[in-house]
Amino acid sequence: MRFPPTRDTAIERLESFLPNAAKYAKLRNFDFGPAERSNVSGLSPYLRTRLITEDEVSRAVLGRFAASSVDKFLQEVAWRTYWKGWLEMRPQVWDRYLSDLDGLDRSDDYDAAIAGRTGIDCFDSWARELVEHGYLHNHTRMWFASIWVFTLRLPWQLGADFFMRHLLDGDPASNTLSWRWVAGLHTKGKHYLARASNIAKYTDGRFNPTGQLDESAGPLPQDHEFERMPLELQDFSPPDGRIGHLVLADDLAPPPCEVMSTGVATECLREAAQPVHNFLRGALEDTRQRYGGVALTGDLGEAVQAWVADEKLDAIVVARPAVGPWRQVLDNLEAGVPVHPFVREWDRKLWPSATAGFFKLRKQLPKFFDSLAVSG
Ligand SMILES: Cc1cc2nc3c(=O)[nH]c(=O)nc-3n(C[C@H](O)[C@H](O)[C@H](O)COP(=O)(O)OP(=O)(O)OC[C@H]3O[C@@H](n4cnc5c(N)ncnc54)[C@H](O)[C@@H]3O)c2cc1C
């Protein structure tokens, strides 16, 4: 599967996946290999950057099928939202992950794991697939993380970092929290153990690591209690005067109000492999061209101030970055005019239910998707 970084590709991919959406529940867990991926959408790099939004994808699916026949797919789309909302309320988990990462040594076993030289065929093949394609199937991400933590006994933070460096869809919330979930740190006492029989079944016999996996390990011991913080969801109303839309790599979708000018920050802010940079740079350039925007290069504060002056802007609106590297940059930005961050309706409606487990948010989904189908 290749991921050209354009909105047109995201729309084409959605169109080609739509006929399969009703079969998703039955087939989604199979990883038939990189050449055959029509059972899943392959939309994550586009959803992650919001080259296409969760709202657009859900409405397209609901425009074609009754909600009851595509509920599994819609729920998966909502998992991304759940993880983001959960981390919004516990940003310390992200900070802690970064500081843990700083203090960890990269051993020979770690080098062998990321180079695909462990001797466990499936794992080695997935390590190479990740580096080559910038993508792994969801079930495979679960198996990979589980083998990393429970069979290879490597620190989960280093595995999460390996994913973040190579996944085109690398996302602080989905990635960090999924690794924690596999390790047994998200839901107390519950961890995910990869089993050879499950891998053989869902890779359609491509792999069978019988006897190579630790199938009886317990969850990792709890690390910390992370206190839940209140969600910041101020109402947004468009400021007066000439408004500019500042676009950061976190969210490339249009703003919720009319604007006079768009400034696109060309920085990716990810310590990642070249294909990730190529994807993000391409996505930013595609966005700049679609909006007829100005590229903001170099020091962000200076570039923004020059753009504000050139376009005689009175205020800036910007999608508030989720917890991750962009959040701090925006918090420290000196733009010379007031900056008005907004949180999209999708997140505003669902994040408040991400206080504990996914179940609470899932219970809201039928009503939520009904309202989308009606208004769509
Ligand atoms: C250890 C681990 C690390 C992960 N890291 C990331 C990451 O960095 N970035 C990322 O976007 N996803 C991550 N995921 C979630 C998931 O694996 C990918 O979103 C999914 O595989 C993307 O493929 P797809 O678009 O074909 O998904 P589909 O199966 O077609 O699902 C449609 C959409 O639903 C969302 N989705 C599906 N499953 C999940 C899930 N389990 N969690 C969150 N959202 C989901 C995605 O937006 C996806 O594009 C991770 C999962 C695990 C187990």
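Q: How far is a backbone N or O atom of glycine 42 from an oxygen atom of the ligand?
A: It's 2.7 Å in this predicted model.

Q: And how much of the ligand's accessible area does the protein cover?
A: The ligand has 820 Å² on its own, and the protein covers 97% of that.

Q: OK, what about nitrogen atoms of the ligand: how far off is the polar side-chain atom of tryptophan 83?
A: That tryptophan 83 atom sits 3.4 Å from a ligand nitrogen. Asparagine 175 also has a polar side-chain atom by a ligand nitrogen, at 3.2 Å.

Q: Which elements give two or more residues to the shell around the ligand?
A: Those are α3 (44-49), α5 (71-88), α9 (138-151) and α11 (172-183).

Q: Which one gives the most?
A: α5 does, with six residues in the shell.

Q: Switching to the whole shell: which residues come nearest to the ligand?
A: There are 27 residues around the ligand, and the nearest are Tyr24, Ser41, Gly42, Arg80 and Asn138.

Q: How do the shell residues divide into nonpolar, polar and charged?
A: You get 14 nonpolar, eight polar and five charged.

Q: Which domains does the shell draw at least three residues from?
A: Domain 1 (1-89 + 345-376) and domain 2 (95-219) each supply at least three.

Q: Last thing, pockets: what takes up the space of the largest one?
A: The ligand does; the space it takes is the largest pocket.

Methods
Residues are numbered from 1 along each chain as its sequence is written. This is a predicted model: local features need pLDDT of at least 70, side-chain atom pairs count only at pLDDT 80 or more; totals for chains, interfaces and linings use all residues. Side-chain values use heavy atoms; hydrogens and water are left out. A residue is near a molecule or strand if one of its heavy atoms lies within 4 Å of it. A polar contact is a pair of N or O atoms within 3.5 Å; within protein, one must be able to donate a hydrogen and the other to accept it, and residues adjacent in sequence count only if both atoms are side-chain atoms. Accessible areas come from the Shrake-Rupley method with a 1.4 Å probe; for residues, only the protein chains shown count as cover. On a 1 Å grid over the protein atoms alone, a cavity is a set of points where a 1.4 Å probe fits but cannot get out, and a pocket is an open set with protein on both sides within 12 Å along at least five of seven lines; lining residues have an atom within 4 Å of a point. A molecule sits in a cavity or pocket if more than half of its atoms lie within 2 Å of its grid points. Helices (H or I, at least four residues) and strands (E, at least two) are DSSP runs, numbered from the N terminus. Ala, Val, Leu, Ile, Met, Phe, Trp, Tyr, Cys and Pro count as nonpolar, Asp, Glu, Lys and Arg as charged, and the others, Gly among them, as polar. Domain bounds come from an automatic or database domain assignment.
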